[in-house]
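Let's take a walk through a protein model, from its overall outline down to a few single residues. Have the sequence and the 3D view open as you read.

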Amino acid sequence: MKCSRHDLEAIGVCAYCGRALCKQCVPATGTARLTCAEECAAALTRHDRALEVLLEKSLQSAKANSVYYFLCGILCVGATIAAYFWLPVPFLMWFLGTTAVALLISAAWFGRVARKMKS
């Protein structure tokens, strides 16, 4: 592969735009990824920061979902117990009980996802 600016053999490609770079084009910035220009380096930094923000928001969302499902599951457990004493309809108790189990399993799953994302 030839350099996009010079007629020399390329030693790498820009991590942002994909242009081929020779030894003359590679800036001596000491960064882990090659970039062809300051604009590409700045854009790459912006994209990295945007990815970090998305991951932080995903972690917050997983934590919030875990708490929400746990609370809803506990409410369904309470409703199942109340239905047993006040309105003993088998279908209602079965429905509320299975809903409570599904919500508590979802809460555990989201909590596990949040813990994995955190580490």
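The protein chain has two helices and two strands, and from the N terminus on they run β-β-α-α. Helices (H or I, at least four residues) and strands (E, at least two) are DSSP runs, numbered from the N terminus. Keep in mind that this is a predicted model, where local features need pLDDT of at least 70 and side-chain atom pairs count only at pLDDT 80 or more, while totals for chains, interfaces and linings use all residues. Residues are numbered from 1 along each chain as its sequence is written, and side-chain values use heavy atoms, with hydrogens and water left out.

## The overall outline

What size of box do the C-alpha atoms of the protein chain fill? Taken along the principal axes, the box is roughly 85 × 20 × 20 Å. The radius of gyration points to an outline that is not a compact globule: a globule of 119 residues would have a value near 14 Å, but this chain has 27 Å. That radius is taken over C-alpha atoms, and the globule rule is 2.2 Å times the number of residues to the power 0.38.

Of the 119 residues, 24% count as buried. Here buried means under 20% relative accessible area, exposed means over 50%, and partly exposed is in between (1.4 Å probe, protein chains only). The chain exposes about 8600 Å², and carbon and sulfur atoms supply 66% of that. These areas come from the Shrake-Rupley method with a 1.4 Å probe, and for residues only the protein chains shown count as cover.

Now for contacts, meaning heavy atoms within 4.5 Å. Among contacts between residues at least 6 apart in sequence, 34% join residues at least 24 apart.

## Two helices

How far does α1 reach from its first C-alpha to its last? The answer is 71 Å for 49 residues, close to the 72 Å expected at 1.5 Å a residue. Helix α2 (residues 90–118) has 29 residues and should span 42 Å, and its end C-alpha atoms are 42 Å apart, so the two values agree. The expected span is 1.5 Å times one less than the number of residues.

The buried residues of α2 are worth finding in the view: Met 93, Leu 96, Ala 100, Leu 103, Ala 107, Phe 110, Gly 111 and Ala 114 are buried. What do they pack against? Their partner is α1 (38–86). Going the other way, the buried residues of α1 include Cys 40, Leu 44, Leu 59, Gly 73 and Ala 83, and what covers the buried residues of α1 includes α2.

## The cysteine-rich core

Which residues make up the largest nonpolar core? There are seven: Cys 3, Cys 14, Leu 21, Cys 22, Cys 25, Cys 36 and Cys 40. A nonpolar core is a set of buried Ala, Val, Leu, Ile, Met, Phe, Trp, Tyr and Cys residues joined through side-chain atoms within 4.5 Å.

Leaving aside neighbours within four places in sequence, Leu 21 is in contact with residues including Cys 3, Ile 11, Val 13, Cys 14, Leu 34 and Thr 35. Cys 3 sits in the segment before β1 (12–13), and its contacts beyond four places in sequence include Leu 8, Leu 21, Cys 22 and Cys 25. Thr 35 is in the loop between β2 (20–21) and α1, and among the residues that Thr 35 touches, again beyond four places, are Cys 14, Leu 21, Cys 40 and Leu 44.

How do some single residues compare with the accessibility cut-offs?

| Residue | Relative accessibility | Class |
|---|---|---|
| Cys 3 | 7% | buried |
| Thr 35 | 8% | buried |
| Ser 61 | 37% | partly exposed |
| Glu 38 | 58% | exposed |

Ser 61 lies in helix α1, and so does Glu 38. The C-alpha atoms of Glu 38 and Pro 90, 52 residues apart along the chain, are separated by 69 Å.

## Aromatic rings

A search of the whole structure finds six aromatic pairs. In one of them, the rings of Tyr 84 and Phe 85 have centres 5.2 Å apart and planes at 80°, so the pair is edge-to-face. Rings of Phe, Tyr and Trp (its six-membered ring) pair if their centres lie within 6.5 Å; planes under 30 degrees apart count as stacked, over 60 as edge-to-face and the rest as tilted. Both Tyr 84 and Phe 85 are exposed. Elsewhere, ring pairs link Tyr 68, Tyr 69, Trp 109 and Phe 110 into a cluster.
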